[in-house]
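The following exercises invite the reader to work through one molecular structure by inspection. Each task is followed by a solution in steps.

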Amino acid sequence: MSSPGDTPAAPGPVGLGLGLLSIGRAWGYRSEPPPPEADARRLLECAVEAGVRCFDTAPAYGTSEERFGTFLATLGSRREELLVATKLGEHWDPEARASFTNHSHDALRRSLDQSLRRLGRIDLLQVHKATAANVGAPDVLRALEYARTLGISCLGASISDVAAAEAACAVGLYSYLQFPYNALHRTLEPVFALASRHGLQVLVNRPFAMGQLLHDTERPRELVLRESLDHVLRQPFTGYVLTGTKSVDHLRQTLAAFRSRGG
């Protein structure tokens, strides 16, 4: 069983990480397409050079794992400084250009094998589209046990409701919970205290509501970034806040806002 001591720790106790959905498929408040390969590579290079250490991807993120894996192969010993997180349970159909869920053991195992081929090593493996019903389901637990035989000891659940978070904590296998939280989406606020009670770390995604908080305002971007991060960081947790940008400039602005408040 994983324990908090097995979990790569975030600095500070909260660090800024980079979610990689937007480099692999259309995403965001305006559903923008992914960037060209060269721009995605530049974003990843900028993030590592700027000190970002947590990167979150998934098979359901289109070409994200492939692009990120190609980049990781160029890092040499610097790869050891990173927390590389991916998922299993939601899959990508490249012909339909759509994702679908399948939490059967065979599908999960095939997905994990493919992710390992792409990424080389996985530091954190999360159940994608985790629910109260599947976080402890036999097929999921078998797949996670297979992951442990491959040297993946840090496990998490990417949840979208409080019941799933409670079920994941009850299983006693997970070290991380990932979920969306921002000023427009506060329904999962109780999960922060729940994770803290159980000694779990947190990955907060969508801190800017997929860009809505930045686009639907005429207020200065720097102010909105800082206020949005403050809203998240007022919660009690350790882990990472994941920005999902595909823009180098936006990443730098977010890092500046994060660090200006002592993050």
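The exercises below concern pockets, strands, helices and single residues.

The model is predicted, so to speak of local features a pLDDT of at least 70 is required, side-chain atom pairs count only at pLDDT 80 or more, and totals for chains, interfaces and linings use all residues. Residues are numbered from 1 along each chain as its sequence is written, and side-chain values use heavy atoms, with hydrogens and water left out.

**Exercise 1. The largest pocket**

Determine how much space lies in the largest pocket, and which residues and elements line it.

Step 1. Apply the terms. On a 1 Å grid over the protein atoms alone, a pocket is an open set of points with protein on both sides within 12 Å along at least five of seven lines, a cavity is a set where a 1.4 Å probe fits but cannot get out, and lining residues have an atom within 4 Å of a point. Grid points are joined across faces, edges and corners, and a volume is the space filled by probe spheres set on the points.

Step 2. Read the volume: the largest pocket holds about 910 Å³ of space.

Step 3. List the lining. It has 43 residues, and those nearest the centre are Leu21, Trp27, Gly28, Arg206 and Met210. Two or more residues each come from strands S6 (124–130), S7 (155–159), S8 (176–180) and S10 (239–243) and from helix H7 (212–215). Here helices (H or I, at least four residues) and strands (E, at least two) are DSSP runs, numbered from the N terminus.

Step 4. Sort by class. The lining has 17 nonpolar, 16 polar and 10 charged residues, where Ala, Val, Leu, Ile, Met, Phe, Trp, Tyr, Cys and Pro count as nonpolar, Asp, Glu, Lys and Arg as charged, and the others, Gly among them, as polar.

**Exercise 2. Strand S7 and its neighbours**

Establish whether the residues of S7 are buried or exposed, and which strands S7 joins.

Step 1. Examine burial (buried: under 20% relative accessible area; exposed: over 50%; partly exposed: in between; 1.4 Å probe, protein chains only). Five of the five residues of S7 are buried, so the strand is largely enclosed by the rest of the structure. On one side these are Leu155, Ala157 and Ile159, and on the other Gly156 and Ser158.

Step 2. Find the partners (strands pair if DSSP finds at least two bridges between them). S6 and S7 run parallel and are joined by four bridges, with Gln126 opposite Gly156. S7 and S8 also run parallel, joined by three bridges, and Ala157 stands opposite Leu177.

Step 3. Trace the connections. A right-handed β-α-β unit is made by S6, helix H4 (residues 138–149) and S7; another consists of S7, helix H5 (residues 162–171) and S8. Right-handed means that, with the strands pointing away from the viewer, the path from the first strand over the helix to the second runs clockwise.

**Exercise 3. Helix H2 and the largest cavity**

Explain why helix H2 (residues 64–72) is described as largely enclosed, and state which residues line the largest cavity.

Step 1. Count burial: seven of the nine residues of H2 are buried, so the helix is largely enclosed by the rest of the structure. The buried residues are Ser64, Glu65, Arg67, Phe68, Gly69, Phe71 and Leu72.

Step 2. Identify what they pack against: helix H1 (37–49), strand S2 (54–56), strand S3 (83–88) and helix H3 (105–119). Contact means heavy atoms within 4.5 Å.

Step 3. Describe the cavity. The structure holds one cavity of 30 Å³ or more, and the largest cavity contains about 40 Å³ of space. Its lining consists of Glu37, Ala40, Arg41, Leu44, Arg67, Thr70 and Phe71. H1 gives the largest share, four residues.

**Exercise 4. Single residues**

Describe the surroundings of Thr243 and Val248, and the backbone of Arg206.

Step 1. Thr243, in strand S10, is buried at 1% relative accessible area. Beyond residues up to four places away in sequence, Thr243 touches Gly17, Leu18, Gly19, Pro207, Phe208, His250, Leu251 and Thr254.

Step 2. Val248 lies in helix H9 (residues 248–260) and is buried at 6%. The C-alpha atoms of Val248 and Leu43 are separated by 5.3 Å, although these residues are 205 residues apart along the chain.

Step 3. Arg206 has a phi near 55 degrees, a positive value in a residue other than glycine. Arg206 is found in the loop between strand S9 (201–205) and H7, and is partly exposed at 36%.
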